[in-house]
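Hi everyone. Please look at the structure on the screen, and I will walk you through it.

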Amino acid sequence: MTRTAARRPVETVAVHPPQAPPPMGGRRRRRLADQARAYGFLLGGLVCFALFSWYPAIRAVVIAFQKYTPGSPPAWVGTANFTRVLHDPEFGAAWRNTLTFTLLALLIGFAIPFVLALVLNELRHARAFFRVVVYLPVMIPPVVSALLWKWFYDPGAGLANETLRFLHLPTSNWTNGADTALVSLVLVATWANMGGTVLIYLAALASIPGELYEAAELDGANLLQRVRHVTIPQTRFVILMLMLLQIIATMQVFTEPFVITGGGPENATVTVLYLIYKYAFLYNDFGGACALSVMLLVLLGVFSAGCLRLTRSGEEAV
């Protein structure tokens, strides 16, 4: 009797026809849905920018051409606000002080953070501690920092002059002298704001390949030559961007003159932003204040556009 082999069931493989690509209308709808979802997440930020940044800027441009005082309807006056501001005796002093402050801040406050970053980058011990120490002034509220420096600069019992007396050195009037007040404010602004700049420089230095320094050392380059030929070229775009941001910030200096000197002595520390404050809240002339704001906005906008164009041209050349 022969045993018949059990037949295995034949497996059938279903062959599916190739799926047709989705219609163009479906793709477009999905893309629009994705964009709508993305803008939905951005809606909160866009609303905040529109209410607290864009609307006030547009409103200031409109008020610059109006006679605007609280409690009375605005009246269109054309360029009368600009003409009145230009003939103000404090106008020239404010712009001169602002430009001088910006130049001094570049000479003093731009080099110090870069040198500090180089030193901190070379440390092998307590690096985190010194980074916190350098960044600590940024965490102090600006008004508190200005009040501390106002006490520090006190010509009588201030710590600055007490230290000079202890070292048998001549004392200074600091913020009470017309020839030293602006430089004193530059030192305050440099101390208060250099922490963030130092951290950005440290991040840029950490991104430089170590092989470049090793090759420079093999070629016999000393420390200054390595900084000149390796560090600065590798961080030049960061340096340019920080320079642009610092110029924009120092052109809008207000806290230090307002809290420490009140624009004095003899208008030696009146800046453009401080003059805007005086027009708006002391003279009750919001039209003049907005006219000054528009002038500052146009100047900084033209300067920023020129710097960005030069930076883009440099990137394309590289």
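**Two pockets, and the loops after H12**

Helix H1 (24-63), helix H13 (272-282) and helix H14 (286-317) each supply at least two residues of the lining of the second largest pocket. Keep in mind that this is a predicted model.

Let's stay with that pocket. What is its volume? The second largest pocket comes to about 490 Å³. It has 21 lining residues, and those closest to its centre are Ala-60, Ile-276, Ala-289, Cys-290 and Ser-293. Which helix gives the most to this lining? That is H14, with 9 residues. Now the classes. The lining of the second largest pocket has 18 nonpolar residues, 3 polar ones and no charged ones.

Cys-290 deserves a second look. Is Cys-290 buried or exposed? Cys-290 has a relative accessible area of 11%, and buried means under 20%, so Cys-290 counts as buried. Compare Cys-48. Its relative accessible area is 44%. That falls between the cut-offs of 20% and 50%, so Cys-48 is partly exposed. And how many disulfides does the structure hold? The count is 0.

Next, the largest pocket. About 610 Å³ of space lies in it. Its lining has 30 residues, and Ala-189, Ala-192, Asn-193, Met-194 and Ala-249 are the closest to its centre. How do we find such spaces? Rolling a probe the size of a water molecule over the atoms shows where empty space is left.

Which helices build this lining? At least two residues each come from helix H3 (89-109), helix H5 (127-139), helix H6 (142-152), helix H8 (181-206), helix H11 (236-250) and helix H12 (255-261). H8 gives the most to the lining of the largest pocket, with 10 residues. By class, this lining holds 19 nonpolar, 10 polar and 1 charged residues.

Two of those helices, H5 and H11, are worth a closer look. H5 first. H5 has 13 residues. From its first C-alpha to its last, H5 reaches 19 Å, close to the expected 18 Å. Where does H5 bend? The bend is at Val-133, by about 25 degrees. A proline, Pro-137, follows within four residues.

Now H11. H11 has 15 residues and reaches 21 Å from its first C-alpha to its last, close to the 21 Å expected. Which residues of H11 are buried? They are Ile-239, Leu-242, Leu-244, Gln-246, Ile-247 and Thr-250.

Last stop, the loops. Start between H12 and H13, where Pro-265 has its place. The peptide bond from Gly-264 to Pro-265 is cis, with omega near -10 degrees. Asn-267 lies in the loop between H12 and H13 too. Its phi is near 60 degrees, a positive value in a residue other than glycine. Is Asn-267 buried or exposed? Neither label fits, because its relative accessible area is 32%, which makes Asn-267 partly exposed.

Move on to the loop between H13 and H14, and you find Asn-284. Asn-284 is not a glycine, yet its phi is positive, about 55 degrees. Its relative accessible area is 41%, so Asn-284 is partly exposed.

To recap the pockets: H8 gives the most to the lining of the largest one, and H14 gives the most to the lining of the second largest. Thanks for listening.

Definitions and conventions
Residues are numbered from 1 along each chain as its sequence is written. This is a predicted model: local features need pLDDT of at least 70, side-chain atom pairs count only at pLDDT 80 or more; totals for chains, interfaces and linings use all residues. Side-chain values use heavy atoms; hydrogens and water are left out. A disulfide is a pair of cysteine sulfur atoms within 2.5 Å. Buried means under 20% relative accessible area, exposed over 50%, partly exposed in between (1.4 Å probe, protein chains only). On a 1 Å grid over the protein atoms alone, a cavity is a set of points where a 1.4 Å probe fits but cannot get out, and a pocket is an open set with protein on both sides within 12 Å along at least five of seven lines; lining residues have an atom within 4 Å of a point. Grid points are joined across faces, edges and corners, and a volume is the space filled by probe spheres set on the points. Ala, Val, Leu, Ile, Met, Phe, Trp, Tyr, Cys and Pro count as nonpolar, Asp, Glu, Lys and Arg as charged, and the others, Gly among them, as polar. The expected span of a helix is 1.5 Å times one less than its number of residues. The bend at a residue is the angle between axes fitted to the seven residues ending there and the seven starting there.
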